[in-house]
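Trainee: Hey, could you walk me through this one? I haven't looked at it before.
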Amino acid sequence: MTNEHSDALREQAEIEQAIRNLFAPEDEGLRHALAAAQEAGLPAIQISPVQGKLLQVLATACNARKILEIGSLAGYSGIWLARALPPGGRLISLEISPKHAEIIRSSFAYAGVGDRTEVRVGKALDLLPQVAGEGPFDLIFIDADKQSYPSYLEWSLKLSRPGSIIVADNCVRHGRVLRVEEEQQDEDTAGLTTYNRLVSSDPRLVSLALAVDDGHTDGFAISVVKA
Ligand code: SAH
Ligand code: DHB
Ligand code: MG
């Protein structure tokens with residue numbers, strides 16, 4: 001690596017850290033959720049603090065009172081989302097693992113958002129038909145099994161209103177999921193690639209993928225439902 005290149009990388013890392021410290025500091029509730037996840041041996045695949053803050057900015061921008069999360073892990077992203085809700089607002093989190101769900105519920109309670117959150121356990125595709133009667137949702141965050149992302153998008157369009165925001169995690173993946181050419185892909189990669197193709201071309205949506213995790217190697221696809 002040239003010196004210029006490593007200087008640029010160091011500068012980028014410093015900028016990222018400064019933004020994180022100023023705009024997205026973690027409090028005791030978020031740190032507790034991370035510690036509980038680690039203690040239970042869950043993988044550290046939650047969103048970054050800057051992604052959490054971006055979810056709050058988006059939730060606030062669309063006046064979110066009802067938020068749906070698909071794939072919750074240990075509740076880290078759910079805490080960021082729940083904290084963006086106004087009084088009386090509601091977050092429903094769908095999670096397949098009963099073990100995760102227990103950790104999520106206790107992390108939500110510890111973070112002080114137990115009253116406005118609900119964790120439902122099961123395969124998201126089995127739970128979504130029931131959730132449909134409780135919409136429309138102002139913001140939907142997709143972060144569960146990757147091969148189902150195209151189906152989650154279909155459900156999200158049914159469960160949203162004009163102005164709703166649909167966010168999907170892991171839509172950059174080192175650029176692997178942004179190639180449109182047909183090629184050999186595993187099911188996860190194919191699901192994410194299809195998702196990107198669908199949201200980038202759907203006339204009902206205005207969408208953009210942003211590399212916005214720590215290190216900018218992965219990120220969100222953000223879609224706003226048009227009027
Ligand atoms: N959103 C979390 C990370 C989610 S990791 C955060 O940023 O903090 C993905 C989660 O999706 C895991 O907890 C996994 O158990 C769950 N999951 C996987 N397949 C699922 C399915 N079919 N339905 C619901 N949840 C699922
Ligand atoms: C991984 C990261 C994620 O954000 C996710 O939702 C699933 C898996 C990973 O790095 O393996
Ligand atoms: Mg993810």
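Mentor: Sure, let's go through a helix, a ligand site and a serine. Keep in mind that this is a predicted model.

Trainee: Okay, helix first. How many residues does α5 have, and how far does it reach?
Mentor: Helix α5 runs over residues 98-110, so to speak, with 13 residues. From its first C-alpha to its last it reaches 19 Å, close to the 18 Å expected at 1.5 Å a residue.

Trainee: Which residues of α5 are buried?
Mentor: Those are His100, Ala101, Ile103, Ile104, Ser107 and Phe108. Around the axis they cover an arc of only 165 degrees, which puts them on the same side of α5.

Trainee: And what does the face turned away from that buried side carry?
Mentor: You'll find the exposed residues Pro98, Glu102 and Ala109 on that face of α5.

Trainee: What do the buried residues of α5 pack against?
Mentor: Two helices and two strands: α2 (28-39) and α4 (76-82), plus β2 (90-95) and β3 (117-121).

Trainee: Which residue just after α5 takes a positive phi?
Mentor: That's Gly112, with a phi of about 80 degrees.

Trainee: Let's switch to ligand 2. Which residues are around it?
Mentor: Around ligand 2 you have Ile45, Asp143, Lys146, Asp169, Asn170 and Arg173.

Trainee: Where do its oxygen atoms come up against polar atoms of Asp143 and Lys146?
Mentor: For Asp143, a polar side-chain atom lies 2.8 Å from an oxygen atom of ligand 2. With Lys146, an N or O atom in the side chain is 2.9 Å from a ligand oxygen.

Trainee: And which part of Ile45 is involved, backbone or side chain?
Mentor: The backbone: one of its polar atoms there is 3.1 Å from an oxygen atom of ligand 2. As for cover, ligand 2 taken alone exposes 290 Å², and the protein buries 60% of that.

Trainee: Last topic, Ser93. Where is it placed?
Mentor: Ser93 sits in strand β2.

Trainee: Is Ser93 buried or exposed?
Mentor: Ser93 counts as buried, because its relative accessibility is 0% and the cut-off for buried is under 20%.

Trainee: What is Ser93 in contact with, leaving aside its neighbours within four places in sequence?
Mentor: The list is Glu69, Ser72, Phe108, Glu118, Val119 and Arg120. You've met Phe108 already, as one of the buried residues of α5.

Trainee: Which of those side chains makes a polar contact with the side chain of Ser93?
Mentor: The side chain of Glu69 does, at 2.9 Å.

Trainee: And how is Ser93 placed relative to Leu125?
Mentor: They are 32 residues apart along the chain, and their C-alpha atoms are separated by 13 Å.

Methods: Residues are numbered from 1 along each chain as its sequence is written. Chains are lettered from A and ligands numbered from 1 in the order in which they are written. This is a predicted model: local features need pLDDT of at least 70, side-chain atom pairs count only at pLDDT 80 or more; totals for chains, interfaces and linings use all residues. Side-chain values use heavy atoms; hydrogens and water are left out. Helices (H or I, at least four residues) and strands (E, at least two) are DSSP runs, numbered from the N terminus. The expected span of a helix is 1.5 Å times one less than its number of residues. Buried means under 20% relative accessible area, exposed over 50%, partly exposed in between (1.4 Å probe, protein chains only). The arc is that of the directions from the helix axis to the C-beta atoms. Contact means heavy atoms within 4.5 Å. A residue is near a molecule or strand if one of its heavy atoms lies within 4 Å of it. A polar contact is a pair of N or O atoms within 3.5 Å; within protein, one must be able to donate a hydrogen and the other to accept it, and residues adjacent in sequence count only if both atoms are side-chain atoms. Accessible areas come from the Shrake-Rupley method with a 1.4 Å probe; for residues, only the protein chains shown count as cover.
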